[in-house]
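Welcome, and please load the model in your viewer. We will go from stop to stop, with a selection to make at each one.

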Amino acid sequence: DNIALTASDTLANFSAATADGWVHVVGIFNPGVGAYLYVNGVLEASDESSVPTSIQLKTTDFQIGHNAADSGGYPLNAAVDDVRVYDSVMTPAEIIEETFPDGLIAHWRFDEGTGTTAEDSSSHANVATQAGTVGSWVSGKSDDAYELGGSSSRFELDYSGHLQVTGAVTVAAWVNPTAGSSYGLIAGIDQ
């Protein structure tokens, strides 16, 4: 089953309200408790009803920017930067202060500036490879970023090892939406 959270506004409108266009998005799954979506440090959506007590493992690739396993795909029309995955729950204070909890299992900085891979700067070496429509390297929130290039543009890697989280998980990223962007999968798998 998917847990879908909808914010009160579009990514493009959140972006327009910032000086540089970058939006900090944090999604949290706390088993049996709730799912939460924070945008620029503010809780924008939550679901505390019928929350599963674990995540069911799938064989689908882990993806950044698109969900190829889903017929709709939920493409993210944005540049992405500094994508992090934790096997723990970030607190509201950690989100606001951008201090990061223990449990980092992947961190793609997107600072390569060229090529078709994004290196993982965590100790787990989860290298992501560009797939689908080719995007472009652009200036990011911090150094470089990758602007996804259309409805099938994404980075993907095998959903294995440390990414096989069945409990708590937090995904945090900086995104800079392109015109008209209203929704999209930042990172994850089809559940």
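Before the first selection, one definition: buried means under 20% relative accessible area, exposed means over 50%, and partly exposed is in between (1.4 Å probe, protein chains only). Helices (H or I, at least four residues) and strands (E, at least two) are DSSP runs, numbered from the N terminus. This is a predicted model, in which local features need pLDDT of at least 70 and side-chain atom pairs count only at pLDDT 80 or more, while totals for chains, interfaces and linings use all residues. Residues are numbered from 1 along each chain as its sequence is written, and side-chain values use heavy atoms, with hydrogens and water left out.

**The whole chain**

Start with a cartoon view of the protein chain, which has two helices and 13 strands. Of its 191 residues, 46% are buried. The accessible surface comes to about 8,700 Å², and carbon and sulfur atoms account for 46% of that surface; such areas come from the Shrake-Rupley method with a 1.4 Å probe, and for residues only the protein chains shown count as cover. Contact here means heavy atoms within 4.5 Å. Among contacts between residues at least 6 apart in sequence, 62% join residues at least 24 apart.

**Strand β6**

Now select residues 104–108, which form strand β6. Why is this strand largely enclosed by the rest of the structure? Four of its five residues are buried, so the rest of the structure largely encloses β6. Add strand β5 (residues 78–86) to the selection: β5 and β6 pair in the antiparallel sense over four bridges, where pairing requires that DSSP finds at least two bridges between two strands. To find the register, look at Tyr86, which stands opposite Leu104 in β6.

**Ala128 and its surroundings**

Next, go to Ala128 in strand β8 (residues 128–131). Ala128 counts as buried because its relative accessible area is 0%. Show its contacts, leaving out residues up to four places away in sequence, and you will find Trp108, Thr116, Thr117, Ala118, Phe155, Glu156 and Leu157. For a distance label, try the C-alpha atoms of Ala128 and Ala118: they are separated by 5.1 Å, with the two positions ten residues apart along the chain.

**The aromatic cluster**

Show the rings of Phe110, Trp137, Tyr146 and Phe155, which form one aromatic cluster. Rings of Phe, Tyr and Trp (its six-membered ring) pair if their centres lie within 6.5 Å; planes under 30 degrees apart count as stacked, over 60 as edge-to-face and the rest as tilted. By this rule there are five aromatic pairs. In one of them, the rings of Phe110 and Trp137 have centres 6.5 Å apart and planes at 45°, so this pair is tilted. The two residues are 27 apart and link distant parts of the chain, with Phe110 in the loop between β6 and β7 (117–118) and Trp137 in strand β9. Then turn to Trp137 and Tyr146, an edge-to-face pair at 4.9 Å centre to centre with 75° between the planes. Both Trp137 and Tyr146 are buried.

**Salt bridges**

Side chains of opposite charge can pair when their charged atoms come close. A salt bridge is a side-chain nitrogen of Lys or Arg within 4 Å of a carboxyl oxygen of Asp or Glu, and the structure holds three of them. Select Lys141 and Asp20, whose side chains meet in a salt bridge at 2.9 Å, N to O. Lys141 lies in the loop between β9 (136–139) and β10 (144–147) and Asp20 in the loop between α1 (11–16) and β1 (23–30), so the pair ties together parts 121 residues apart in sequence. Are these two side chains' residues buried or partly exposed? Lys141 is partly exposed at 36% relative accessibility, and Asp20 is partly exposed at 39%.

Move on to Arg84 and Asp82, which form a salt bridge of 3.2 Å, N to O. Both Arg84 and Asp82 are buried.

Finally, select Arg154 in strand β11 (residues 154–157). Arg154 is buried, at 13% relative accessibility, and its side chain meets that of Glu156 in a salt bridge (3.0 Å, N to O).

**Last stop: Val39**

Val39 sits in strand β2 (residues 34–39) and is buried at 4% relative accessibility. Leaving aside neighbours within four places in sequence, Val39 is in contact with Phe14, Val23, His24 and Glu44.
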